[in-house]
Structure formats: structure tokens, C-alpha cells
2 protein chains.
Amino acid sequence: MARRPTVTSVQIAREAGVAQSTVSRVLNGGSVAPETRRRVLEVVAKYDFQPSQAARSLVGSRSGLIGVVIRDLTNPFYPVMVKAMERVLHEQGMRLTLVTDVMTAEEGLAQLRREGVDGVVFTSALQDEPLAHRTAGHGIPVVLVHRTLEDFPADQVEADNPTAGELAAEHLLGLGHRRIAMVCGLAGSSTAQQRGRGFRDRMRAADGAALTEIDGDYDYDTAYAAVRTLLAGPERPTALYCHNDVMAYAALNAAAAEGVDVPGELSVVGCDDVPLSAWERIDLTTVRQPLERIAQVGVELLLGRIEDPELPHRHEVLPVEFVGRSTTGPA
Amino acid sequence: MARRPTVTSVQIAREAGVAQSTVSRVLNGGSVAPETRRRVLEVVAKYDFQPSQAARSLVGSRSGLIGVVIRDLTNPFYPVMVKAMERVLHEQGMRLTLVTDVMTAEEGLAQLRREGVDGVVFTSALQDEPLAHRTAGHGIPVVLVHRTLEDFPADQVEADNPTAGELAAEHLLGLGHRRIAMVCGLAGSSTAQQRGRGFRDRMRAADGAALTEIDGDYDYDTAYAAVRTLLAGPERPTALYCHNDVMAYAALNAAAAEGVDVPGELSVVGCDDVPLSAWERIDLTTVRQPLERIAQVGVELLLGRIEDPELPHRHEVLPVEFVGRSTTGPA
DNA sequence: CTGAAAGCGCTTACAG
DNA sequence: CTGAAAGCGCTTACAG
């Protein structure tokens, strides 16, 4: 396999009658005489010259690459985030490299190191996740987005998840529900812990309220199976609080499969407010978190830290908002 | 910004007491004495050494990077494809770089050239799309996946879309529908053209069948607005054939918004069979195309071509399958 | 089997 | 403002 012929800065220089370093200066904004600049740019345009990223990142101090760790890309939550991050990065002339669940955490870290990323965004960190710690351990700037880790020495951005749980509980209790089940997200995730805590706190304050908790792992299939079992069982709850929208969809569908009317016999509340949730066929009552904003702030914090590693760590908590729709009703 | 200290092959060599080129040979499978190999690997393991991709792709003939052009990542169709492609690439030790709609086609091509991709997968080519042509023009191997281009000199993989259209028409006609509307995908896309053609062909063979065509652009919002207008109008059809599932969801939701019962007053057929379509709340009658298989075959063809550019071009057409669910009923 | 050397395409001091 | 030169971290002939 011969490498296909690509125009290099040396060829541009030769044709423009300048030194190769002058081409570099023109492209990177060094001081160049207007006439020289014009001549170089003309040749650059003629060949639509694109400087090699490999060479650039090899010699420069930056690769212009940001790693984004997203385990499950099929959760509709994440494409929205990816898009928001790409937008910010693209404005800065930077690129994004994805680490998904096709590879192990180990392989993911190796990948990020080989690619020489300037920083990494973690979107789904778990308490026992070694990847974020080890990445930071290699001196790579890290930001934790959406899910956070207590005492982790890095910038972090998340929604006000305890309040999200409280708002959900308040809503259901206000409708008169007392036999409630909570479909929990991944045990090691901060979001599940915080949303669970907020919900439980409000529940405890209510008279005669009984809370059952089941594991949904933030996964459609897991939640679907768990909710079907629950609904087919003896002590069917009158309301369900799901730690994310995807599990709420699973609950809605499980209810349909079991012939349980929503919201007549069962109320369902989610968390996230993914675009899907507004669909008439779904119309999910949920708690909105500012997905795009979280992604955007996360990338901005990371870029700021890459610029200045000495900045004090910031931990942003963004407000959530209750969104009442038609999957909830009186007990 | 100082570059953070990274272990290099020179340091590994020094500590192992060998030449740097020997380290390279150990890592890339050259001939090395067992004892030498052992010593080198020991040091490699000690530092968890990861060779720089930048250096490697600068000097080598391959970057190990494959560009994947996906315009709209939020269509649930695409994450499934990305995952399938990542899986194949990861097995080959290769990586994927995404080009989405945060950048223009122009910027996308520039990006791919700067990154020195070994090849590019186009998943949403349009007839007037210059990007695929120009990419190939730069000598970069290209494969067209899902959407194809007639007479394009490259490997192509698609579903049997004409048959998809025919199956949908057959189903609706068989249920007695005669006043039918077709919600069309992007005008310049092969899928919309082929699915439309297949559907029209069958329609023409049916007595007294009237077909209205409206533009949905493969976009949820566009299709939603168009279907609401259609349903609110005077000559409401009894059935809808949508060129993809996302527009069918829009149609389902638009019907709900207009108070039109599905399938009682309106039947809806989609195309794709994205996982979502099987949800009880959606339960869309559709025509399945083998998403993952298309993605997989596409990447395999591309890798084969990179290996041997002289291979004759292949054009694979994969079978589709009708999936009857509950959004369709008798006229 | 192994080492010394060239070179990939750039950026970045360093002179002038 | 501009050029000559060093060097980023590798792979790949080329000797031995």
C-alpha cells in the first residue's frame, strides 16, 4: 500500500517561492508580509492544502483532540450531548474522539493515550470506575459531566438531581399516591444515588407512603423486565418513579404489555426530558435536565483547564424543571 | 502549555537495553529473539507504553482511521450503525472519526484530509452531494452505505428498497386502502427514490388507488407538520406510507394530535424497523432493513478495498422483511 | 536477530 | 519579516 500522494507544506513553499516555515507561519498566524501571505494563500487555495494533523500534533503541544467517553450511544440522551459538545469543539477548531462500549475501559484509556487527547469528558462515570482516575493519573485533564464522583479532583457539571427526585415525589404525593415504586439507575452512578435520595427524602415526610425499589440499571431491557414482573405481582404500586426517561419508556411499554392503564391505574414519572418524551404517543411526565447546557459547560470547563491547569476546580450544578404531561394522574 | 511527560519508545528501549527500532519490531511483530522480546515487553508493561498514533500515522502508510459521515446522529437509526461499524473496526485495531452536521460538507472533507483517514464511509449520500465525489477524487477509498449513488465508482451497500416500497403497498392495498398518502424522504436520496418507486409501481397496478405525495425530508419536525396539515385537510387519506420510521413516528404523533385514531381511521407504515418501533406504545408496522448488517458489510468492503484498491467494485443489495404490527388495519 | 540512520510533515526557537 | 535547522516519536529499509 503506497500512501496516496498528498500535498505538503514543502510543496506549497516551493511553489510560492518561500521557506516551508513561512507557510507554517501564514497558516498559524505568525508575522508575515502582506504580499508574501497573499502569494502563499494563493497556492494553498490552489491545492486546497490541508496540513497533516498527525505531523501537527506530533510536534505541537496539542493534538486538538478531546476524548468523549459515552458508554451507551443508543440512549437517545447521548446523541444530544455529543452534538452539543461537537458544536463547542468545532467552534474552537477542535475534534472529538468517541469511546463507547465496544471497547473495555482498559482499551478505551489506551486508545485515548495513543491518540494523545488534550483532555477527556466522562459522561457516565461510576463510583468504582477506574477509567477517570487513571486518565487523570496520566496527567490528562478530565471533566466529569452528567454523572459526578465525590472528591474527584476535576471539574464537574451535573444537574440538580436531588431536587429532580424531590420534584417527582412531590408531584406523585400531591396526586395522592402512597404505594410507589422507584426504578433505579445504575447503583454506582451519582445520578441514581442523588435522584433516589431526593425522592426518598420527600417520601419519608409523607404519611403512610410505602416505597419499593427495583433495579433498572438505566437500561431499557432490564427496566422492562423488572417492571413487568412488578406489575404482574401481588402488591402493584399505583405510581412509578424512574431514574431516567429510557426506563420510563420501558415502564410505559411494560404497562401496556400487562394491560395496565396509564395514568388510570398507574402513574409514571421519568427524569431527563429527552426530545422523545414530548411525543404524543409517549407524553411522559418527567423532570427536565438541561442536557445541552451540561454538555456545553462541561466542554468549556475542560478547555479552560487545558488552557490553564492551575485553575481551581469547579463543580457546577444546573437547575432542573418539572414537566407535567399525561402519564400521571390522581391515585 | 508544556506537553505532559509521556513515555516514548526511546525510553522503553533505553530501559530494556535495546535499540529503539527493536522496541518497534517487538510491538509490530518483526523478528526478535524470544529473550529480547520478553525484556522489552516487560518494560512496555511496566509503563503501560502506548505508541503515539500521530507518529505512527506520520511515518506509516496508514492512519488506522476511518471517516464515517453521518449527517443526523439523532435519528435512532444511526447510533445502531455506528455501533456496528465501531465493532468491526475495533476488531481490526482501527478507529472511527465522525463527521456530522455540525460542520459543512466542505469542512468535513477538509477534516478527513487533515486527519489522513484511510477511507470514508458515507451513510447519507445525496445525488447532488459533492462530498463523496470529492473525497474519492482525493484518492481516498470510499464506500457508500445505506444510501447509494448510481454510477458512483465505489463499493456500495444498501437494502432492497424497491421491494420495501412494494411490500408496504401490497400490505395497505391488501387491507383495502385506496386513498393513500406517501410521506417522502429527502428528494435527492436513493432510499426515497427507490422506496417511492416500489410503492408507486404496486399502487398503479391497483384499481382506483389514489396516491398523494408529501415531503417529509426524513426529518421528524418536517414530517410532523406536513402530516398534521394533511390530516386536517379535506381529503384525508386512510393510510400513510412513510419512507422511514422516524417520519412514521411523526405521523403517529401527528394523528394523535389531530385526534385521528390509528389504526381505526388511519393506517401507518414505516420503513427501517429501528428498535423503537417494537415498543408497545409505538408498535409500528414497518419494513425491516438489516441495519447492522449493512453497516458491517460496508466497513468490510472498505477495509478490503484499502487492502487492495484494484478489487472490482461491488454493489450489495440486502434483503428486507415486512413486519406487521398494530398501526395498520382494514380500510 | 539487532542497531544506526533516514525520514514522515509539521512547529518552533534562533539568527539575520 | 524570513530562512535554515532542530526535533516531535515513530516505521522502515539497510547493514552487519
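This is a short talk on how two chains sit together and how one of them is laid out.

A word of caution to start: this is a predicted model.

Let's take the pair. How does chain B map onto chain A? A rotation of 180° does it, with 0.0 Å of shift along the axis. The RMSD of that superposition is 0.0 Å. So the relation is that of a two-fold axis. Where is that axis in chain B? Look at A54(B). Of the residues of chain B, A54(B) comes closest to the rotation axis, with its C-alpha at 2.2 Å.

Now the interface. Of the interface residues of chain B, 100% are also interface residues in chain A. The copies therefore meet through the same surface.

On to chain A by itself. The domain assignment splits chain A into three parts. Domain 1 covers 9-51. Domain 2 comes in two pieces, 65-159 and 291-319. Domain 3 is 161-289, which falls between those two pieces. The C-alpha centres of domain 1 and domain 2 of chain A are 36 Å apart.

Secondary structure next. Chain A has 12 helices and 12 strands. Its radius of gyration is 25 Å. The globule rule gives 20 Å for 331 residues, so chain A is more spread out than a compact globule. The C-alpha trace of chain A spans about 85 × 40 × 40 Å along its principal axes.

What about burial and contacts? In chain A, 54% of the 331 residues count as buried. Chain A exposes about 13400 Å², and carbon and sulfur atoms supply 51% of that. Take the contacts in chain A between residues at least 6 apart in sequence: 71% of them join residues at least 24 apart.

Conventions:
Residues are numbered from 1 along each chain as its sequence is written. Chains are lettered from A and ligands numbered from 1 in the order in which they are written. This is a predicted model: local features need pLDDT of at least 70, side-chain atom pairs count only at pLDDT 80 or more; totals for chains, interfaces and linings use all residues. Side-chain values use heavy atoms; hydrogens and water are left out. Copies are superposed by least squares on the C-alpha atoms of residues with pLDDT of at least 70 in both. Contact means heavy atoms within 4.5 Å. Domain bounds come from an automatic or database domain assignment. Helices (H or I, at least four residues) and strands (E, at least two) are DSSP runs, numbered from the N terminus. The radius of gyration is taken over C-alpha atoms; the globule rule is 2.2 Å times the number of residues to the power 0.38. Buried means under 20% relative accessible area, exposed over 50%, partly exposed in between (1.4 Å probe, protein chains only). Accessible areas come from the Shrake-Rupley method with a 1.4 Å probe; for residues, only the protein chains shown count as cover.
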